[in-house]
Amino acid sequence: MSQIPITVYVEMTPNPNTMKFVANKYLLISGDSVEFTSQAEAKGYSPIAEELFNFPFVKGVFLAANFITVAKNDSISWDFVTMELREFIKDWLADGKDVLVMMPPPKAQVESTDDSKPTKTYAPSEYDDAIRSLLDEYVRPAVENDGGAIDFVGFDEGIVTVALRGSCSGCPSSTATLKGGIENLLKSHLPEVTEVVAESL
């Protein structure tokens with residue numbers, strides 16, 4: 001089987017525990033993204049994520065348009081593993097192996113027990129489309145640039161709830177981005193918005 005010429009370059013992200021591996025080809029349909037936090041979660045959905053979890057330091061794999069963001073634990077420095085991961089991803093793509101065989105179903109909301117707070121459900125609001133388009137136009141490109149993704153969850157009584165994934169999840173600067181960037185942007189376009197919060201997954 002002839003190999004496709006693939007290049008993969010590595011980008012730092014604002015989150016010190018994640019590294020972004022960018023390929024010169026599309027891995028997922030634009031706009032799609034998927035995150036796995038364990039090998040069991042990736043099984044049957046993403047062969048490359050499943051294999052990446054065989055590296056003992058990998059604790060998360062996020063796939064989007066043309067990049068893979070890998071989250072590691074603190075057991076080893078990026079200096080020792082970045083090139084190995086880059087070569088692994090490059091060879092996998094060059095061999096034409098599957099990145100994603102199917103999208104996993106949306107994470108089921110855990111049934112709430114007495115000791116956990118019930119999962120909030122959001123009724124559609126007249127502002128949802130406006131919020132989504134602002135996020136897609138101004139926020140998504142920057143967040144993807146940093147190796148992550150942002151999803152609109154809901155709007156209720158002035159509060160916009162979003163979910164951060166990939167390198168944005170647990171990133172030290174994500175709170176600043178959320179409050180300083182996204183909240184200001186939405187407030188300036190939609191006076192009905194009073195606050196932006198991130199849902200903890």
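Here are some numbered notes on this structure, which is a predicted model.

1. Let's start with the overall layout. The protein chain has five helices and eight strands. If you walk along the sequence, those elements come in the pattern β-β-β-α-α-β-β-α-α-β-β-α-β. The chain has 201 residues, and 42% of them are buried. Among contacts with a separation of 6 or more, 60% are between residues 24 or more positions apart.

2. A handy place to begin looking is strand β4, residues 58-64. How many of its residues are buried? Six of the seven are, so this strand is mostly covered; buried here means under 20% relative accessible area.

3. Next, look at what β4 pairs with. Strand β3, residues 34-36, is joined to β4 by three bridges, and the two run antiparallel. To find that pairing on screen, go to V34, which stands opposite L63 in β4. Strand β5, residues 67-72, is also joined to β4, this time by six bridges, and again the pair runs antiparallel. Here G60 is a good landmark, with A71 in β5 opposite. Between β4 and β5 there are two residues, and the two strands form a hairpin. As background, strands of a sheet pair through backbone hydrogen bonds, either parallel or antiparallel.

4. The β4 and β5 strands turn up again in the second largest pocket. That pocket has a volume of about 210 Å³. It is lined by 15 residues, and the closest to its centre are E35, K59, A71, G166 and S169. Which strand gives the largest share of the lining? That is β4, with four residues. Both β4 and β5 supply at least two lining residues each. You have already met A71 as the residue opposite G60, so the hairpin pairing and the pocket can be viewed together from there, A71 being one of the residues closest to the pocket centre.

5. Now move to the sheet made of β6, β7 and β8. These three strands form an open sheet in the order β6-β7-β8, with mixed pairing. Why do β6 (148-156) and β8 (195-198) each have one side without a neighbour in the sheet? They stand at the edges and each has a single partner strand, so one side is left free of a neighbour. From one strand to the next, the twist averages 30 degrees.

6. Within that sheet, β6 and strand β7 (residues 159-166) are joined by eight bridges and run antiparallel. One pair to check is I150 and its bridge partner in β7, L164. Helix α4, residues 128-145, packs on the sheet and touches β6 and β7. The direction of α4 makes about 160 degrees with that of β6.

7. On to charged pairs. Searching the whole structure turns up seven salt bridges. In general, side chains of opposite charge can pair when their charged atoms come close. One of the seven fits straight into the sheet above: the side chains of R165 and D151 meet at 2.7 Å, N to O. This pair links distant parts of the chain, with R165 in strand β7 and D151 in strand β6, 14 residues apart. Are its two members buried or partly exposed? R165 counts as buried because its relative accessibility is 13%, while D151, at 24%, counts as partly exposed.

8. Another salt bridge joins the side chains of R86 and E87, at 2.9 Å, N to O. R86 has 18% relative accessibility, so it counts as buried. E87 has 31%, which means it counts as partly exposed.

9. Last, have a look at E50. This residue is found in helix α2, residues 47-52. What does its side chain meet in a salt bridge? The side chain of K43, at 3.2 Å, N to O. E50 counts as buried because its relative accessibility is 19%, and the cut-off for buried is under 20%. Leaving aside residues up to four places away in sequence, E50 touches Q39, A42, K43 and G44. K43 is therefore both a contact of E50 and its salt-bridge partner, with E50 itself buried at 19%.

Definitions and conventions
Residues numbered from 1 in each chain as written. Predicted model: local features only at pLDDT ≥ 70, side-chain atom pairs only at ≥ 80, totals over all residues. Heavy atoms only, no water. Buried < 20%, exposed > 50% of the residue type's maximum accessible area, 1.4 Å probe, protein only. Pairing = 2+ DSSP bridges. Axes fitted to C-alpha atoms, helices over the stretch in contact; angles between N-to-C directions. Contact = heavy atoms within 4.5 Å. Salt bridge = Lys/Arg side-chain N within 4 Å of Asp/Glu carboxyl O. 1 Å grid on protein atoms, 1.4 Å probe; cavity = no way out; pocket = protein on both sides within 12 Å on 5 of 7 lines; lining within 4 Å. Points joined across faces, edges and corners; volume = space filled by probe spheres on them.
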